[in-house]
Amino acid sequence: MEKMQKYVLSEIKSLKIPLKKPQIIFLKGELWAWKTTLSKYIIWDLLWVKEEITSPTYTYYNKYRWNFDWEEIDIYHFDLYRLKNYDEFFAIGWEEILDNNEGIILIEWPDIISDYYNPDLLIEIFKTDDDNKREIKITSF
């Protein structure tokens, strides 16, 4: 499934994202492409996590719990921007999280792990001539 539409930030809530569990979601885009904004929307609005959602740029990842139909699901939000290569990812031990995933994992800047892991959903965000608009392409695998 692929679709591409333009969104302004105030309309991002109209974006339909097919979520399931377990799921690994790659978010790709340039700096300031709204990857974290879109991650916050997914975690806060679509998964109903009602705690503060912060950028994991300096912590590398944040973990949240989703309680739905009496089931607790782990949600991980990774930002791999500051890692140089897969060896750094592996040395920290995060492959265990991906290998044992039973929840939902959102990964910003996934390029360093893309040779080792495939996403269930790829969300690509493209800047446009208008700083307030983005083109968003969603691909399911």
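What radius of gyration does the chain have, and what would a compact globule with 141 residues have? The chain has 15 Å, and the globule would be near 14 Å, so the two agree. The radius is taken over C-alpha atoms, and the globule rule is 2.2 Å times the number of residues to the power 0.38.

This is a predicted model, where local features need pLDDT of at least 70, side-chain atom pairs count only at pLDDT 80 or more, and totals for chains, interfaces and linings use all residues. Residues are numbered from 1 along each chain as its sequence is written, and side-chain values use heavy atoms, without hydrogens and water.

**The chain**

The C-alpha trace spans about 40 × 40 × 30 Å along its principal axes. The chain holds 3 helices and 7 strands (DSSP runs: H or I, at least four residues, for helices; E, at least two, for strands; numbered from the N terminus). Their order along the sequence is β-β-α-β-β-α-α-β-β-β. Of the 141 residues, 44% are buried (under 20% relative accessible area, 1.4 Å probe, protein chains only).

**Residue N62**

N62 lies in strand β3, residues 61–68. N62 counts as buried because its relative accessibility is 14%. Its side chain makes polar contacts with the side chains below (N or O atoms within 3.5 Å; within protein, one able to donate a hydrogen and the other to accept it; residues adjacent in sequence count only if both atoms are side-chain atoms).

| Pair | Polar contact |
|---|---|
| N62 and T59 | 3.3 Å |
| N62 and Y64 | 3.5 Å |

Leaving out residues up to four places away in sequence, N62 touches T54, S55, P56, I75, Y76 and H77 (heavy atoms within 4.5 Å).

Terms used: Buried < 20%, exposed > 50% of the residue type's maximum accessible area, 1.4 Å probe, protein only.
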